[in-house]
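Student: I have a model open on my screen and would like to go through its charged contacts and one of its sheets with you. Could we start with whatever term we need first?

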Amino acid sequence: MSVTDEFFYYGKEEPSPEETGGRLPTALVFAGRKGSALSTLGWQAVYRLLAPDAELAVERFFLGEPGQPSVSMDSDKELSEFPLIGFSVNFEEEYLHLVRMLKDSGVPPLAAERPDFPLVMGGGPVAFLNPAPIAPFFDFFWVGEAEAGLKELCLELKQHIFSGGSKKEFLDLIKDRDGVYVPGMTKGQVRRAVLPPGPVSEGHGVPLLSEPAYSCFISPEAVFKDMFLVEVNRGCPYGCRFCAAGYIYRPPRHASIDQLKKIVELADPPKVGLVGTALTDWPDLIPYIEWLKKRKTKFSLSSVRADGLTEELLDILRAAGVRTVTLALEGASRKLRDAASKNLEEEDFLRAVELCAAKGVNHLRVYVIVGWPGETDEDYDELALMLEKMDEARKRGQGKKKKQFMRITFGASCLVPKPWTPLQWAPMPSEKELKAVLSKVKGLTKKYKGIAFSGDSPFQARLQGILSRGDESLADFISYAAEHGGWKKASKFYEGNPERFVDQVLDKDSPLPWDFIDTGVKKSYLWREWQRFQKAEKTPVCPPDGCAECKSCGMHQWLNEK
């Protein structure tokens, strides 16, 4: 990609409504509020991919007022006026919004009730995790990375419509292509669309990310206010067994520092947010943020690994005005961290806490996950000792600098065993059990000054588990929730049993609703990793030289098949 030729950026400006003559009117819908969309890199990347094309007239839609038709942000047109409606769906809880947006706009939510246009397309992370629960609402899904052929598919649709072709004819034409899932028509597995890795970066080993994503817009309305987001890396080499991103975005790829410099030079934003699943693994992280600092551009990092937080990096962050640092402990005990294959040593974590306190960090956020398969009281006894050690590390770092007291927020989230992770076979604890363990963790933090507790919602966690692991029968539950007041009312009054998707113990041969997706990671590999979880055995991280050096998960062979 030539950044200069392809650069597309509005900044704080709004796009002007364009004439639709000769173009395919395309609604790009974010199933959430505008502020969230403006801080979501994937949705903006799709807009940047489609909007500049002379054959497409792309307009933006966000979640509006309940009961009102969805209206374009770029004109006064309603959603029902567009022959192509594309939803970017990032989180399972958004399923409620997409059903309501369609219904309120006069578009029948169920695909079976839409024999003619509009054609409703789904994309985003849930499309290659498990789109089965929302499959009845969509005509087709783009499964994978948008840069790997989505625009070409939209242009083909434009030619098809302008030539008088029908909706059914188009779906029949594309139903068995890579990256396309047409519910009820696609046969066999759907191969995930992946942007081919670029050449291995000289001296770094990991393949290059040939087209890093970046923001189209910056806005004071955004969740990350006035921030320009750039993608530093995609995929993660650590393969933590609870994290879907470490599996569905394989192979790991790094952006080129030269590309990211060019992007920022062209945009010239007030503040840059670096986004990635393994920021501190990017070999050019420190040179890049030093470059940003030199050009007087503010920046922030989405997260850092404790073992990647060096004194040099922290000095740069503090000098740039960064006041809050986030570290993920994940497991309450060494055994649970090993079972999760977190590949994090306790000493490294405590050293990072001490370093943050010594360097004057105002606020440290620490995250732990509860509800692991096989966890015991002994794991939380060990967490009590860890909290004591964290408090001691904080005191050592601060010394006598009482004015620079570092407060800590200790956040606990409930494990959601997601598709395409080794934990996809694991059941979830009951809501009552999750509440009990959260209460226990909260109690452990009370004895420490300056450590505040922040807990997850067990109801929301189990709901997310149900929606991420269900099959097409869940569409009835989703419709019920959309029509009868939301998720809690549906959970209480719906006559079916959606909780079976998180309460059942699954074995190796259990059919999974997402088996029809081919992500490139072998199911047999995930099963071996699940066995290793139960033995608390760690797996080495992806090697620096990429898939060709490893060949264990199936990705190397999969990439070479095309």
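Tutor: Let us fix one term before anything else: a residue is called buried when its relative accessible area is under 20%, exposed when that area is over 50%, and partly exposed in between. Please also keep in mind that this is a predicted model.

Student: OK, so is Arg462 buried or exposed?

Tutor: Arg462 has a relative accessibility of 5%, and because the limit for buried is under 20%, Arg462 counts as buried.

Student: And which residue does Arg462 form a salt bridge with?

Tutor: The partner is Glu499, and the closest N and O atoms of the two are 3.4 Å apart. Glu499 counts as partly exposed, at 36% relative accessibility.

Student: Where do Glu499 and Arg462 lie in the chain?

Tutor: Arg462 belongs to helix α16 (residues 458-469), while Glu499 sits in the loop between α18 (487-493) and α19 (500-503), so the salt bridge ties together parts that are 37 residues apart in sequence.

Student: How many salt bridges are there by this rule?

Tutor: The count comes to 39 salt bridges. One of them joins Glu14 to Arg60, with the closest N and O atoms 2.4 Å apart. That pair links distant parts of the chain, since Glu14 is in the loop between α1 (3-6) and β1 (24-30), Arg60 is in strand β2 (residues 56-61), and the two are 46 residues apart.

Student: What about the accessibility of Glu14 and of Arg60?

Tutor: Arg60 is buried, with a relative accessible area of 0%, whereas Glu14 counts as partly exposed at 42%.

Student: Which residues are linked with Glu14 and Arg60 in a network?

Tutor: Lys34, Asp74 and Glu221 are linked with Glu14 and Arg60 in a network of salt bridges. For another salt bridge, look at Arg532 and Glu537, whose side chains meet at 3.6 Å, N to O; Arg532 is partly exposed at 28%, and Glu537 is partly exposed as well, at 32%.

Student: Changing topic, what is the strand order in the open sheet of 3 strands?

Tutor: The order is β8-β11-β12, with parallel pairing. The edge strands, each pairing on one side only, are β8 (228-231) and β12 (298-301), and the twist averages 25 degrees from one strand to the next.

Student: Over how many bridges do β8 and β11 pair?

Tutor: Strand β8 pairs with β11 (residues 271-275) in the parallel sense over 4 bridges, and Phe228 stands opposite Val272 in β11.

Key. Residues numbered from 1 in each chain as written. Predicted model: local features only at pLDDT ≥ 70, side-chain atom pairs only at ≥ 80, totals over all residues. Heavy atoms only, no water. Pairing = 2+ DSSP bridges. Axes fitted to C-alpha atoms, helices over the stretch in contact; angles between N-to-C directions. Salt bridge = Lys/Arg side-chain N within 4 Å of Asp/Glu carboxyl O. Buried < 20%, exposed > 50% of the residue type's maximum accessible area, 1.4 Å probe, protein only.
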